[in-house]
Amino acid sequence: MALFPFCKTPAGAVRVTRIQLLLYCLLLSLIIYFLHGRKVGVSVKSPHPNFHTMEMARGREKTGMAAVKAAPVKTLETPWGAPLVWGDTHNSAWRRAKFAQQGIHTGLLALVVGTYAQFIRRFLTSAETYFLPGQTVTYYILTDNPRSFEPPFELGPERQLKVVPIAELPGWERLAQRRMTLLADAIRDSVSSEVEYVFCADIDQEFVAPVGEEIFGDLVATLHPELYGMPRNAFPYEFKEISSAYVDEDEGDYYYTSELYGGLVSEMYKLARACALLILQDQANGLIASGLEESYLNRYLINHRPTCVLSPEYSWWDSSLAADVSVQRLVSFGRQCEAFDKQQREDHKC
């Protein structure tokens, strides 16, 4: 018998019944469906990564990294159970109420050298308004130019300023190599006997919204706003295996910024001292991590996970890569300038 109704055999035409015709139509439909399905399957393209190379500035070499603008997902807890703080959540309100009753004395420590003196007044004025309002705070400023504090600043009640003179440190890279040692020495010699908590911040920043008691924790780190929500392979951890800051591919949960970190005085001394030793080890071998002190900070925080992690609200700058946050609380002018192109840097006098 012929396969199709209009085919002929040597014996002549073949008569086709209605049942056979229905079977032929069904078979033809299955063939067409199968061929169409294969065509669609072949035409589907594999998704391309939504990443592009991000170059980090500030005169230091960075590895190429993948990055896209992170979605504003408010995760409230880290994988190891530490709070991930967003200032306007119920959990943050509870934390503020809890710590406000304890009468905590806090230090805010910043390093000011060279031309960075221009940021002092804006930093302190904004801190007076927004940093732990109503709490007792001592500002510790490590500087190579104590005269930059003349005339004296007018501070509110329960606030005081202490200037700690240091030797001149020309050059950003040299400063970065010495920063952790300076912090450790200051905490040991001055800070530890006077306050319970201390936070280290870059001076080229401005508080623009309240930063309250929700930030307290034994060891506190802040998420990098351009890397929040990014996959692990986008983090610019130190890649040189011979460096003390090296991070293996299967290590790391977040990438933290060096713009703001803190905690109990005892924990902060351990952090600064350990990072200083890692830097000295690399210097002895003629090395320095590509991310400077931020690389060593991240290495330490992988080994000693923070007990409190601050969201990008607490370290933010306007960048095409920065996470969208509903409130910016601490804004970095230095990192902002890095995000500008050449013309924008000139316009903003970076």
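In the predicted model, the axes of helix 5 and helix 6 approach to within 9 Å and cross at roughly 120°. Helix 5 is therefore oblique to helix 6, and the crossing of the two is right-handed. On the helix 5 side, the contact is made by Glu-267, Lys-270, Leu-271, Ala-274, Cys-275, Leu-278, Ile-279 and Asp-282. These residues meet Tyr-296, Leu-297, Arg-299, Tyr-300 and Leu-301 in helix 6.

Both helices also contribute to the largest nonpolar core, being among the elements that give two or more residues to it. This core has 44 residues, and those with the most contacts inside it are Leu-109, Met-180, Tyr-261, Leu-271 and Leu-301. The other elements that give two or more residues are strand 6 (105-112), strand 7 (136-143), helix 4 (172-191), strand 9 (197-201), strand 11 (219-223) and strand 12 (256-264), alongside helix 5 (265-284) and helix 6 (293-303). Helix 5 gives the most to this core, with eight residues.

With residues up to four places away in sequence excluded, Leu-301 touches Leu-219, Ala-221, Tyr-256, Leu-271 and Pro-306. A second core, separate from that described above, comprises 32 residues and includes Phe-119, Ile-141, Cys-308 and Leu-310.

Strand 12 also holds Thr-257. Because its relative accessibility is 0%, Thr-257 counts as buried. The side chain of Thr-257 reaches the backbone nitrogen of Glu-259 at 3.1 Å.

Definitions and conventions
Residues numbered from 1 in each chain as written. Predicted model: local features only at pLDDT ≥ 70, side-chain atom pairs only at ≥ 80, totals over all residues. Heavy atoms only, no water. Core = buried A, V, L, I, M, F, W, Y, C linked by side-chain atoms within 4.5 Å. Buried < 20%, exposed > 50% of the residue type's maximum accessible area, 1.4 Å probe, protein only. Helix = DSSP H or I, 4+ residues; strand = E, 2+ residues; numbered from the N terminus. Contact = heavy atoms within 4.5 Å. Polar contact = N/O pair within 3.5 Å; in protein donor to acceptor, adjacent residues only side chain to side chain. Axes fitted to C-alpha atoms, helices over the stretch in contact; angles between N-to-C directions. Parallel < 35°, antiparallel > 145°, perpendicular 65-115°, else oblique. Left-handed = near helix turned anticlockwise from the far one by under 90°.
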